[in-house]
Amino acid sequence: MACVIIGVDPHRLSATIEVVDQHGDLLGSGRFTTDKAGYALMRSYVKAWPQRVWAVEGANGAGRPLAQRLVEAGEQVLDVPAKLAARVRLFDTGHNRKTDALDAHSIAMVAVRTSGLRVVAADGELEALRMLTDRRDELARLRVQIVNRLQRLLAELIPGQRKKDLSAAQAKAMLSTVRPRDIAGKTRRRMAAEEIADLVAVDTKLKKIKAELKAAVLARGSRLLDVYGVGPAGAARILADVGDVARFADRNRFASWTGTAPLDASSGEQIRHRLSRAGNRRMNHVLHVAAIVQLRHDTEGRAYYRRKLAAGKTPMEALR
């Protein structure tokens with residue numbers, strides 16, 4: 001029996017599939033829940049095609065949980081980029097309306113017509129690194145929220161004073177200088193003390209997870225930490241989001257994916273490029289931070305930046 005393609009439109013609570021042959025002819029379809037019973041029913045349904053390849057949209061994103069379950073079960077899984085599926089949907093139907101069935105069909109057609117799609121592989125270490133990185137980002141956002149609330153309370157307790165980069169120790173020192181007597185002031189002081197305790201707890205967790213990330217990055221044999229301006233969190237984010245770098249055909253595709261490839265914005269005799277807002281914004285942020293850190297220190301990055309300025313580039317163009 002010839003191999004069939006199973007296009008999968010994954011969602012958190014359901015997955016819609018379409019089974020097609022190598023010519024794109026429809027062989028079957030269905031919608032299944034993603035719980036244990038629905039997953040088992042889907043696997044039972046496709047047993048009619050023993051030679052099969054699954055094509056999952058966003059196997060490195062929204063489709064990751066289902067893709068990993070299939071890989072761990074011994075299935076062959078391809079990662080279909082959402083942009084390719086959207087393009088096929090537009091050309092196949094003549095419009096860009098989205099339904100789960102149309103999405104599953106478009107995903108299957110991408111797999112039929114496109115060679116070189118990334119094959120999803122089981123990588124428990126990389127999955128653990130991804131979870132740690134996401135957790136670190138969540139804690140960092142939580143820390144910003146705590147510091148903002150603490151700054152507001154301290155500004156009300158100690159008017160006219162403000163510390164930009166506030167640490168828990170600095171906040172404790174500031175709070176120790178005030179002893180309000182009114183009920184509102186006492187409440188503010190108590191709330192500030194609670195925020196400081198939360199800040200200490202979050203800082204402790206961030207310190208621990210930073211050490212875990214560094215150990216995990218080094219364990220994978222990565223040399224990203226050798227790049228000036230890339231710390232454990234940045235290196236882990238790069239490894240987690242990139243996954244298998246071989247999925248990029250060349251350095252230009254990789255630059256486009258990270259949003260670092262400038263876009264041509266020329267018009268007439270005016271030749272210019274502009275910053276791309278597309279691509280993986282988390283990766284772009286890591287690279288931007290690394291560039292800024294290099295500019296602030298005596299590095300090859302700073303020398304490169306200055307050479308570009310001397311060549312007539314604007315500061316933003318040189319930074320890009």
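**Exercise 1.** Locate Thr299 and describe its surroundings in this predicted model.

*Solution.* Step 1: Thr299 sits in the loop between α10 (281–295) and α11 (300–310); helices are DSSP runs of H or I with at least four residues, numbered from the N terminus. Residue numbers start from 1 along each chain as its sequence is written. Local features need pLDDT of at least 70 and side-chain atom pairs pLDDT 80 or more, totals for chains, interfaces and linings use all residues, and side-chain values use heavy atoms, without hydrogens and water.

Step 2: Thr299 has 12% relative accessibility and therefore counts as buried (under 20%; exposed is over 50%, partly exposed in between; 1.4 Å probe, protein chains only).

Step 3: Apart from neighbours within four places in sequence, Thr299 is in contact with Tyr228 and Gln294 (heavy atoms within 4.5 Å). A polar atom of the Thr299 side chain lies 2.8 Å from the backbone oxygen of Gln294.

**Exercise 2.** Classify the aromatic pairs Tyr45 with Trp49 and Phe254 with Trp257.

*Solution.* Step 1: The whole structure holds five aromatic pairs (Phe, Tyr and Trp rings, the six-membered one for Trp, with centres within 6.5 Å; planes under 30 degrees apart are stacked, over 60 edge-to-face, the rest tilted).

Step 2: Tyr45 and Trp49 are 5.7 Å apart centre to centre with 65 degrees between the planes, so the pair is edge-to-face. At 30% relative accessibility Tyr45 is partly exposed, whereas Trp49, at 13%, is buried.

Step 3: Phe254 and Trp257 give 6.0 Å and 35 degrees, a tilted pair. Both lie in helix α9 (residues 251–258), three residues apart, about one turn of the helix.

How values were computed
Helices (H or I, at least four residues) and strands (E, at least two) are DSSP runs, numbered from the N terminus. A polar contact is a pair of N or O atoms within 3.5 Å; within protein, one must be able to donate a hydrogen and the other to accept it, and residues adjacent in sequence count only if both atoms are side-chain atoms.
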